[in-house]
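Trainee: I would like a close look at the empty space in this model, and at what surrounds it. Please take the largest pocket as the main part and work outwards from there.

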Amino acid sequence: MELPVAQFPDVQANKPQIPINLTRVGVTEVKKLVEIKRKDKRPIVLISTFEIFVDLPSDRKGANLSRNFEAIDEVLEKAINMPVYEIEELCSDVARNLLGRHEYATRSEVRMKSEYVVKRESPSTKMQCQEVVDIFAEAIATRPNEEDIDVKKLIGAEVVGMTACPCAQEIMRDNAKAALRELGVDLETVINFLNKVPMATHNQRGRGIISLEVSGDVVISLDTIIEIIENSMSSSIVELLKRSDEALVVERAHKNPKFVEDCVRTMAKKIVSEFTHVPDEAIVTIKQINEESIHRHNAFAERVALLGKLRDEIENN
């Protein structure tokens, strides 16, 4: 004897008491294991946190949130058999899948963030170590009509480094010059000494952030983004340092003092130089946050622009 199948009402499809559209409805803090393939290298395994949203029209009481989990699980299961090389492409696939499952939605949004381990070596002793970098990706899918789905995707990273303040260093340089002259050191020797030995200044732990938003099949190298950020501060930092390494890092930073604004401008110039294949319509966001050591506040600088606008400014100025 066949058992009767219970039919449960679709409560989410009911009309709400207050019928207004909602921009985003979904789930956050969804943790998944993601395996990113690499050509001729071992795959990277990331413990990733997702945020998954769709818009909700005014005639629906709620979204079918279980479909969000189904969409991400389906894409990740496919990734087991079909290699995933970019995290932003993974987010793009999930965003498309969401619109396929939420027939009432016209917009979906997927955000992903992970900790990415990169191999580094100490500058003097060349000891191997690991550094942790925060990476993130986003995708926004829109449905302008019943047949088409447009997707914009974003990839970015946040890297910690070190900056040395130029202003305080110039004050210390003037003090050292006056002290050496009082000791009877001739001016030429003073100038040679100051050019060879960088003066003391206060330091900041800097956090550089770059993201690029593109459409279509444009590929952005995450490793290139990380390198640009690392090389745009006074010095990169390394977890494992012996005495000779410490001396080299400090000397390198003090020979390359930078304001928070300098870091953003350096990143902008390197982005234009490195990403020549990226179209002018790409949206670039560059941020630098310097955690001050002698102030209670932090220093901040940012530039958001179309890549074509940045190219024009840098090439013509």
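Mentor: What follows starts with the pockets, goes on to the cavity, and ends with the packing around them.

The model is predicted, and every value below is computed from it. The largest pocket holds about 950 Å³ of space. Its lining is made of 30 residues, and those closest to the centre are Arg38, Lys41, Ile44, Tyr116 and Asp223. Two or more lining residues come from each of strand S1 (22-38), strand S2 (41-56), helix H2 (87-101), strand S3 (107-121), strand S4 (128-142) and helix H5 (222-230). By class, the lining has 16 nonpolar, two polar and 12 charged residues.

The second largest pocket has about 300 Å³ of space. Here 15 residues form the lining, and Met112, Lys113, Ser114, Ile135 and Phe136 lie nearest the centre. Strands S2, S3 and S4 each supply at least two residues to this second lining, and these three strands are also listed for the largest pocket. The second lining divides into six nonpolar, two polar and seven charged residues.

Enclosed space is a separate matter. The structure holds one cavity of 30 Å³ or more, with a volume of about 40 Å³. Its lining consists of Glu138, Ala139, Ile140, Lys152, Lys153, Leu154 and Glu213. S4 and strand S5 (150-164) are the elements that give two or more residues to that lining. Three of the cavity's lining residues are nonpolar, none is polar and four are charged.

Next, the packing. The largest nonpolar core has 65 residues, and Phe50, Ile210, Ile220, Ile225, Val278 and Ile286 touch the most other members. Another core lies apart from it, with five residues, among them Ala176, Leu180, Val190 and Leu194. Leaving out residues up to four places away in sequence, Phe50 touches Val27, Thr28, Glu29, Val30, Lys32, Val34, Ile72, Leu90, Val110, Arg111 and Met112. Two of these contacts lead to other parts of this account. Met112 is among the residues nearest the centre of the second largest pocket. Glu29, which lies in strand S1, has a positive phi of about 60 degrees although it is not a glycine.

Lys126 is another non-glycine residue with a positive phi of about 60 degrees. Lys126 is found in the loop between S3 and S4, and counts as partly exposed because its relative accessibility is 45%.

Arg207 belongs to strand S6 (residues 203-215). Its relative accessibility is 22%, so Arg207 also counts as partly exposed; the buried class ends at 20%. Beyond its neighbours within four places in sequence, Arg207 is in contact with Glu158, Val159, Val160, Lys287, Gln288, Ile289 and Glu291. Asp186 is 21 residues from Arg207 in sequence, and the two C-alpha atoms are 42 Å apart in space.

The last element is helix H8 (residues 307-316), where Leu307, Gly308, Leu310 and Arg311 are buried. Down the axis of H8 the buried residues fall within an arc of 155 degrees, so they line one face of the helix. Those buried residues pack against helix H7 (260-274), strand S8 (283-291) and strand S9 (298-306).

Terms used:
Residues are numbered from 1 along each chain as its sequence is written. This is a predicted model: local features need pLDDT of at least 70, side-chain atom pairs count only at pLDDT 80 or more; totals for chains, interfaces and linings use all residues. Side-chain values use heavy atoms; hydrogens and water are left out. On a 1 Å grid over the protein atoms alone, a cavity is a set of points where a 1.4 Å probe fits but cannot get out, and a pocket is an open set with protein on both sides within 12 Å along at least five of seven lines; lining residues have an atom within 4 Å of a point. Grid points are joined across faces, edges and corners, and a volume is the space filled by probe spheres set on the points. Helices (H or I, at least four residues) and strands (E, at least two) are DSSP runs, numbered from the N terminus. Ala, Val, Leu, Ile, Met, Phe, Trp, Tyr, Cys and Pro count as nonpolar, Asp, Glu, Lys and Arg as charged, and the others, Gly among them, as polar. Buried means under 20% relative accessible area, exposed over 50%, partly exposed in between (1.4 Å probe, protein chains only). A nonpolar core is a set of buried Ala, Val, Leu, Ile, Met, Phe, Trp, Tyr and Cys residues joined through side-chain atoms within 4.5 Å. Contact means heavy atoms within 4.5 Å. The arc is that of the directions from the helix axis to the C-beta atoms.
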